[in-house]
Every structure is written in structure tokens, then in C-alpha cells.
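Biologist: I should like to learn how the features of a protein model are read. May we go through them one at a time?

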Amino acid sequence: MNTRMKKIGILGFQGAFVEHELHIERLGHEAVDVRYPGQLEELDGIILPGGESTTIGKLLIRTGMMEPLRQKIENGLPVWGTCAGMILLAKELEDDPMKHLAVMNIKVRRNAYGTQIDSFDTDILIPAVNSEPIPLVFIRAPYVTKVGAGVDVLCEIQGHVVAAREKNMLATSFHPELTNDSSFHRYFIDMCNE
């Protein structure tokens, strides 16, 4: 396994990108705040943080990043979408004709867990990620309603898929960056080493 220091981009338009950066740096890797297409060239992986997916989608188009990012992901760049990032990656959205990057073979329901006041956290064991239960924080979270060919389900809660992986793409409904647990960030770094 290649264990050199990785350069991990975090899309810096909105959401908890600083918190993602802190986890990446805590694990001994370089975190880069990404806002321009040229920054995609030297990355070993990229994280699409939470926020408002429609706004992030518009900013990806406005900055000219949508197509270069899509191409990078399709060519194997490891990507991890948390919450709104999951929506950006999905090939299909429930009750919504809007598509963003549309690279991952999943169908997603936006705000599936309701509004801000319906936010919650829980601890759960995800064997692919850690041998101990890890804290999961859900904030106006989406979930996956349909999984297509090639997608591995990593975690379900009450029958809903909240973490999935397809090749170089990882999507989570929840916000690992808002906890002190770096298990998911370590898992993503491992993906970048594959």
C-alpha cells in the first residue's frame, strides 16, 4: 500500500470544509481548500462537504468546475460526498429532475430526515470502516432510496442506506467531520491509497 502523504481537496464553497480539513491534517495528510478548476490537477482525492446542494451545484457551474470534476471522478479520482455531497454525486434524485455531477449509481431523497429540528446523532458499527461503533451526525440529511449495480452498501439505519461506495466514490448521509472520530476520513485516505 502506498503510504505517502496524500493531497486531499475539500470543495470550499460552503459547509463544514474546515472541519474536514482538520481531520485530514490530524491524520498526517495535506488538506487543500478547492475553489477553482486548476486545483483539481494535483489532488489524490476530493471531499464534497455538506451545505445546500443546489447552491453548490450552481457554484460548480459558475466556477467552471462541474465538467472537469466530473471527468476526474469518472477517470478514477477518489471522491467522498457527505450529505449535500451525496446529492451532488447521485445519478438520480427522488422527485427532483435536477442532476449535478450524476456519477454514482444511486438514487437519493433530499432532506429525507426532515428539517433542522429533526437532526439527530447515533453510534453504529460499520465493519468496513472501523471495528468499534462510531458517532454519526445527521443534519437535514438525505438517504439513498435505490442502489444500482456496482454499489456496496456500507451502512443502513432503520432500513435506509446512509453510506455507500461504488469503486472510487464514497457517499454518506451524515457528517463525520462534526465528530472527533476520524474513522471515515481514514477509510477515505485508504481509498486514495488503492
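**Salt bridges, cores and cysteines**

Modeller: Let us begin with one pair: the side chains of arginine 109 and glutamate 94 meet in a salt bridge, 2.5 Å from N to O. These two residues link distant parts of the chain, since arginine 109 lies in strand β6 (residues 104–109) and glutamate 94 in the loop between β5 (90–93) and β6, 15 residues apart. Please note that this is a predicted model, in which local features need pLDDT of at least 70 and side-chain atom pairs count only at pLDDT 80 or more, while totals for chains, interfaces and linings use all residues. Residues are numbered from 1 along each chain as its sequence is written, and side-chain values use heavy atoms, with hydrogens and water left out.

Biologist: What is a salt bridge, and how many does the structure hold?

Modeller: Side chains of opposite charge can pair when their charged atoms come close. The term requires a side-chain nitrogen of Lys or Arg within 4 Å of a carboxyl oxygen of Asp or Glu. The structure holds eleven salt bridges. One of them joins glutamate 67 and arginine 70, with the closest N and O atoms 2.0 Å apart. Glutamate 67 and arginine 70 are three residues apart in helix α3, and therefore separated by about one helical turn. Helices (H or I, at least four residues) and strands (E, at least two) are DSSP runs, numbered from the N terminus.

Biologist: Which residue forms a salt bridge with glutamate 41?

Modeller: Glutamate 41 pairs with lysine 72, and their closest N and O atoms are 3.3 Å apart. This pair too links distant parts of the chain: glutamate 41 is in the loop between β2 (30–34) and β3 (45–48), and lysine 72 is in helix α3 (residues 66–74), 31 residues apart.

Biologist: Are glutamate 41 and arginine 70 buried or exposed?

Modeller: Relative accessible area decides: buried means under 20%, exposed over 50%, and partly exposed in between (1.4 Å probe, protein chains only). Glutamate 41 is exposed at 53%, whereas its partner lysine 72 is partly exposed at 24%. Arginine 70 is buried at 15%, and glutamate 67 is partly exposed at 41%.

Biologist: How many residues are in the largest nonpolar core?

Modeller: In soluble globular proteins, nonpolar side chains tend to be buried together. A nonpolar core is a set of buried Ala, Val, Leu, Ile, Met, Phe, Trp, Tyr and Cys residues joined through side-chain atoms within 4.5 Å. The largest has 34 residues, and those with the most contacts inside it are Ile46, Leu48, Leu89, Leu101 and Ile106. Helix α4 (residues 84–89) gives the most to this core, with five residues. A second, separate core of 27 residues includes Ile8, Ala31, Ile134 and Met191.

Biologist: Which residues does leucine 101 touch?

Modeller: Contact means heavy atoms within 4.5 Å. Setting aside residues up to four places away in sequence, leucine 101 touches Leu48, Met66, Leu69, Arg70, Ile73, Leu88 and Leu89.

Biologist: How many disulfides are there?

Modeller: A disulfide is a covalent bond between the sulfur atoms of two cysteines. Here the test is a pair of cysteine sulfur atoms within 2.5 Å, and the count comes to zero. Cysteine 83 is in no disulfide, and the nearest cysteine sulfur, that of cysteine 155, is 14 Å away. Cysteine 83 is buried, at 6% relative accessibility, and cysteine 192 is buried at 9%.
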